[in-house]
Amino acid sequence: MELQTYRYHGHSMSDPGVSYRTREEIQEVRSKSDPIMLLKDGMVNSNLASVEELKEIDVEVRKEIEDAAQFATADPEPPLEELGYHIYSSDPPFEVRGANQWIKFKSVS
């Protein structure tokens, strides 16, 4: 399987991504090759969904993302002893090594 990808943004905050390609190039690739846009267009053209339905889905998804981000930033960090909790869903407890190799954490499913 070969997948062709295109990064719309730079590598990092210090790389805005516009020094080695133009904004027009990015917009052209986005309009012609973006997999989400292609899927949306295909669904509308095949009468699988209307533009309004897809907009409603987009609003719901953005709301879910915003709620999750809000929860993640507002929720306190877990205690150090709980860092190994819920790594795997159905395995028996095992030790998880942290940054300090002498400190072990117990996993909890």
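This passage describes the salt bridges and a nonpolar surface patch of a predicted model. Local features were accepted only at pLDDT of at least 70 and side-chain atom pairs at pLDDT 80 or more, whereas totals for chains, interfaces and linings use all residues. Residues are numbered from 1 along each chain as its sequence is written, and side-chain values rest on heavy atoms, with hydrogens and water left out.

The structure holds three salt bridges, each defined as a side-chain nitrogen of Lys or Arg within 4 Å of a carboxyl oxygen of Asp or Glu. In helix α1 (residues 23-33), where helices are DSSP runs of H or I with at least four residues, Glu 28 and Lys 32 stand four residues apart, about one helical turn, and their side chains meet at 3.2 Å, N to O. Glu 28 is partly exposed at 44% relative accessible area, while Lys 32 is exposed at 58%; here, buried denotes under 20%, exposed over 50% and partly exposed the range in between, with a 1.4 Å probe and protein chains only.

In helix α3 (residues 51-74), Arg 62 pairs with Asp 58 at 3.0 Å between the closest N and O atoms, and Lys 63 pairs with Asp 67 at 2.8 Å. Arg 62 is exposed at 56%, whereas Asp 58, at 27%, is partly exposed.

Val 61, also located in helix α3 and partly exposed at 39%, forms a nonpolar surface patch with Ile 57 and Ile 65, the accessible area together being about 270 Å². Such a patch joins nonpolar side chains (Val, Leu, Ile, Met, Phe, Trp, Tyr) within 5 Å, or like charges within 9 Å, among residues with over 30% relative accessible area and no salt bridge; accessible areas follow the Shrake-Rupley method with a 1.4 Å probe, and for residues only the protein chains shown count as cover.

Definitions and conventions: Helix = DSSP H or I, 4+ residues; strand = E, 2+ residues; numbered from the N terminus.
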